[in-house]
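This report looks at charged residues, buried packing and strand pairing in one protein chain. The sequence and the model are shown first, and the description follows.

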Amino acid sequence: MSRVTSADGTTIAYGRTGAGPALIVVDGALCRRAFGPSASLAKLLSRHFTVYTYDRRGRGESADTPPYSPAREVEDLAALVEAAGGEAALVGLSSGGALSLEAAASGLAIRWVVAYEPPYVDDAGTGGGAEHEPRLNALLDAGERGAAVKYFMKDMVGAPAAAVLLMRAMPWIWRKLESVAHTLPYDAAVMTAFRIPRPRFAAIRVPVVVMNGSRTDPRLCRAAAAIAELIPGARHRELAGQTHNVKPHVLTQAILDGAPAVAVRS
């Protein structure tokens, strides 16, 4: 494990594997290097890239410094890009896709971005997206970490009640989710009330591929297509048979198919 120091002094833990052009995997909510898809993705992608996986601030072995702001997470990525040699591609999943797009819009030295299902589930402004962050903070202030995770999964993301019950029936998994529940408001802040920041994304000037699964929430499919339409030159791709929990080998192949040819180590 290695560490970089972000602009506000927060230490960010990361790992590196493989050889080739630098690629940073940006996790979604509740995930970190030791829990979630990034380890499997890194193993597959490392045949073609130097892959950097990291714990977003407040998670795993990374530190945290209040007050939180999405701009601080962009600064975390800037520190990682510098450690990766000064430029890198980004592969972001869920809210990590939104963060990756924000990093590109912020002018970091990003070669290209693949964003898988940024969860702009309230893009039409009808689902109370602006209320999510205060509600999460209220639950966490009351010490209700499990309730915050349940609210995120059921009310924010729209996971079926049966899926939430199944997760709660696996205490070894539920404890991992609760351990990073305090970072859920961070993801809510990154998601800009779960509405696409259209002028911001329209200013992106690097190659972007936005992906979604064919079996996912229709709101995520619509959001992916809308983002691709906003960003000049961006492409939209739907992965057959995939859900929000995309299979790593399917996403890896899609990344290799969608990345600029010069950026892939054969």
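Twelve salt bridges are present in the structure, which is a predicted model. Side chains of opposite charge can pair when their charged atoms come close. Three of the pairs are set out below, with the closest nitrogen-to-oxygen separation for each.

| Pair | N to O distance | Location |
|---|---|---|
| R56 and D187 | 3.1 Å | loop between strand 4 and helix 2; helix 8 (residues 184-190) |
| R72 and E75 | 2.8 Å | both in helix 2 |
| D257 and R237 | 3.5 Å | helix 11; strand 8 |

**Salt bridges and their settings**

The salt bridge between R56 and D187 has an N to O distance of 3.1 Å. Because R56 belongs to the loop between strand 4 and helix 2 while D187 belongs to helix 8, this pair ties together parts that are 131 residues apart in sequence. Both partners, R56 and D187, are buried. They also take part in a wider arrangement, since a network of salt bridges links R56, R59, E73 and D187.

The pair formed by R72 and E75 is local: the two residues lie three residues apart in helix 2, about one turn of the helix, and their closest N and O atoms are 2.8 Å apart. R72 counts as partly exposed because its relative accessibility is 23%, and E75 is likewise partly exposed, with a relative accessible area of 24%.

A salt bridge also joins D257 and R237, with 3.5 Å between the closest N and O atoms. This pair links distant parts of the chain, as D257 is in helix 11 and R237 is in strand 8, 20 residues apart. D257 is partly exposed at a relative accessible area of 45%, and R237 is partly exposed at 34% relative accessibility.

**Two glutamates in loops**

How does a buried glutamate find polar partners when it has no salt bridge? E117, in the loop between strand 6 (110-116) and helix 4 (132-141), is such a residue: it is buried, and the nearest side chain of opposite charge, that of R219, is 10 Å away. The side chain of E117 instead makes a polar contact of 2.6 Å with the side chain of H244, and one of its polar atoms lies 2.8 Å from the backbone nitrogen of G213. Residues up to four places away in sequence aside, E117 touches S94, M211, N212, G213, T216, L220, T243 and H244, a list that therefore includes both of the polar partners just named, H244 and G213.

E61 is found in the loop between strand 4 (50-54) and helix 2 (70-83), and with a relative accessibility of 44% it counts as partly exposed. Its side chain is joined to that of R33 by a polar contact of 2.7 Å. When neighbours within four places in sequence are set aside, the contacts of E61 are M1, R3, A13, R33 and D55. The C-alpha atoms of E61 and A34 are 9.7 Å apart in space, although these residues are separated by 27 residues in sequence.

**Nonpolar cores and buried elements**

The largest nonpolar core has 68 residues, and within it I24 and L77 touch the most other members. Apart from this core lies another, of 21 residues, which includes F49, L93, Y116 and M211. Beyond its neighbours within four places in sequence, I24 is in contact with Y52, Y54, L77, L80, V81, A88, A89, L90 and V91.

In a regular strand the side chains alternate between the two faces of the sheet. In strand 3 (residues 22-26), five of five residues are buried, with A22, I24 and V26 on one side and L23 and V25 on the other, so that both faces are covered. Strand 3 pairs with strand 4 in the parallel sense over four bridges, and V51 in strand 4 is the bridge partner of L23.

Helix 11 (residues 248-258) has L251, T252, A254, I255, L256 and G258 as its buried residues. These buried residues pack against helix 1 (38-45), strand 5 (88-93), strand 6, strand 7 (208-213) and strand 8 (235-239).

Key:
Residues are numbered from 1 along each chain as its sequence is written. This is a predicted model: local features need pLDDT of at least 70, side-chain atom pairs count only at pLDDT 80 or more; totals for chains, interfaces and linings use all residues. Side-chain values use heavy atoms; hydrogens and water are left out. Buried means under 20% relative accessible area, exposed over 50%, partly exposed in between (1.4 Å probe, protein chains only). Contact means heavy atoms within 4.5 Å. A polar contact is a pair of N or O atoms within 3.5 Å; within protein, one must be able to donate a hydrogen and the other to accept it, and residues adjacent in sequence count only if both atoms are side-chain atoms. Lys and Arg count as positive and Asp and Glu as negative; His and the chain ends are not counted. A salt bridge is a side-chain nitrogen of Lys or Arg within 4 Å of a carboxyl oxygen of Asp or Glu. A nonpolar core is a set of buried Ala, Val, Leu, Ile, Met, Phe, Trp, Tyr and Cys residues joined through side-chain atoms within 4.5 Å. Two strands pair if DSSP finds at least two bridges between them.
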